[in-house]
Amino acid sequence: MPEIRYGEAVAVSPRVRRVTAPNSGRMTGPGTNTYLIGERELAMVDPGPNMPEHVDALERICAGRLRWILVTHTHRDHSPAAHALARRTGAQLVGNIIPNDGFQDDTFIDARALVQDEVLSTDEFTLRALLTPGHVSNHICFLVEEDALLMTGDHIMGGSTVVIVPPHGNMQHYIESLRRMLNYRVEHLAPGHGDLIANPRGEIEHLIAHRLKREAKVADALQRLGAVTIETLTPVVYDDVDPVMHSWAAMSLHAHLLKLRDDGRASEQDGLWRMLT
Ligand SMILES: [Zn+2]
């Protein structure tokens, strides 16, 4: 994304446009992407933060045609503009709600829930919900079937590794969700942050391999160090990651350790983790 003009719609496929919110930052990249699907009747995916300039731009671009406001998940950079837009446009809120663990947007309420492979359609597009728990348990990706374009929210981000925060985040589920995506015809990934990603199959396989490689590094380090805390383990396992990101890396490490425990390979007692095999 070389140049971003906030508040303007950019076409990313025949049926889909992107409006980037002006909330750039370390965790949000160039800003949260809001996607608009259709022409005569619109679906919106991830309204983004409740920033007046972003909400005004979306209302202006939708111009009375907005039917659905969908969210990939309820983290605070993805859903808080939903209620303001619903109030102004009368559009229906769609997305799954989970208990607040301190990271969820409490203002996202009264939404229609979705199940796996549920479809919303107009005479212009077919939008399929793929439930993708992992980054967080209520995560949904949305596939515009006619354009083979998959909006991936925070399940797959451009250029950075997705943080998995237990207990709503789950590494086993994350990897399984990635594998399930390979069953669909997808030609482009449209992430919640960053530009379109080509070669979806290659990208997804790379992400799975990356997580399994990290898991192997965790297992190796545990084997070598004996019983250790997450604090001790983090700089060892993430020696290739900027230390400024280590507090986030520690959460993903916790997710890796829980997967190793669930796989019967590691155990934890009083905050000390060890390998069983
Ligand atoms: Zn998120």
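**Helices, sheets and one proline**

Author: Let's start with helix α5 (residues 230-237) and helix α6 (residues 246-262): their axes come within 9 Å and cross at roughly 105°. An axis here is a line fitted to C-alpha atoms, for helices over the stretch in contact, and angles run from 0 to 180 degrees between N-to-C directions. This is a predicted model, in which local features need pLDDT of at least 70 and side-chain atom pairs count only at 80 or more, while totals for chains, interfaces and linings use all residues. Residues are numbered from 1 along each chain as its sequence is written.

Reader: Why are α5 and α6 called roughly perpendicular to each other?

Author: Angles of 65 to 115 degrees get that label (under 35 is roughly parallel, over 145 roughly antiparallel, the rest oblique). Their crossing angle is roughly 105°, so α5 and α6 count as roughly perpendicular. From α5, Ile 230, Leu 233, Thr 234, Pro 235 and Val 237 make the contact, and from α6, His 246, Ala 249, Ala 250, Leu 253 and His 254. Contact means C-beta atoms, placed from the backbone, within 7 Å.

Reader: How do the residues of that contact divide into nonpolar, polar and charged?

Author: There are 7 nonpolar, 3 polar and no charged residues. The nonpolar class is Ala, Val, Leu, Ile, Met, Phe, Trp, Tyr, Cys and Pro; Asp, Glu, Lys and Arg are charged; the others, Gly among them, are polar.

Reader: Now the sheets. What makes β1 (10-13) and β6 (92-94) edge strands?

Author: Each pairs on one side only. The open sheet has 6 strands in the order β1-β2-β3-β4-β5-β6, with mixed pairing, and pairing takes at least two DSSP bridges between two strands. Strands themselves are DSSP runs of E, at least two residues, and helices are runs of H or I, at least four, numbered from the N terminus.

Reader: How do you know that β4 pairs with strand β5 (residues 66-70)?

Author: Count the bridges: 4 of them join β4 to β5, and the two strands run parallel. Leu 42 stands opposite Leu 66 in β5. Strand β3 (residues 33-37) also pairs with β4, antiparallel, over 3 bridges, and there Leu 36 has Met 44 as its bridge partner. The β3-β4 hairpin has 4 residues between its strands, and Gly 38 in the turn has a positive phi of about 95°.

Reader: What makes both faces of strand β4 (residues 42-45) covered?

Author: Leu 42 and Met 44 on one side are buried, and so are Ala 43 and Val 45 on the other. Buried takes 20 or more other C-beta atoms within 10 Å, exposed is 12 or fewer, and partly exposed is in between.

Reader: What handedness does the unit of β4, helix α1 (residues 52-62) and β5 have?

Author: That β-α-β unit is right-handed: with the strands pointing away from you, the path from the first strand over the helix to the second runs clockwise.

Reader: Why are β7 (119-121) and β11 (188-191) said to stand at the edges?

Author: Each has a single partner strand, so one side of each lacks a neighbour in the sheet. This open sheet has 5 strands, in the order β7-β8-β9-β10-β11. Strand β10 (residues 149-153) runs parallel to β11 over 4 bridges, with Met 151 partnered by Ala 190.

Reader: Last one: is Pro 22 buried or partly exposed?

Author: Pro 22 has 16 C-beta neighbours inside 10 Å, so it counts as partly exposed. Pro 22 lies in the loop between β2 (16-20) and β3. Beyond four places in sequence, Pro 22 is in contact with Tyr 6, Gly 31, Met 51, Glu 53 and His 54.

Note on methods: Two residues are in contact if their C-beta atoms, placed from the backbone, lie within 7 Å.
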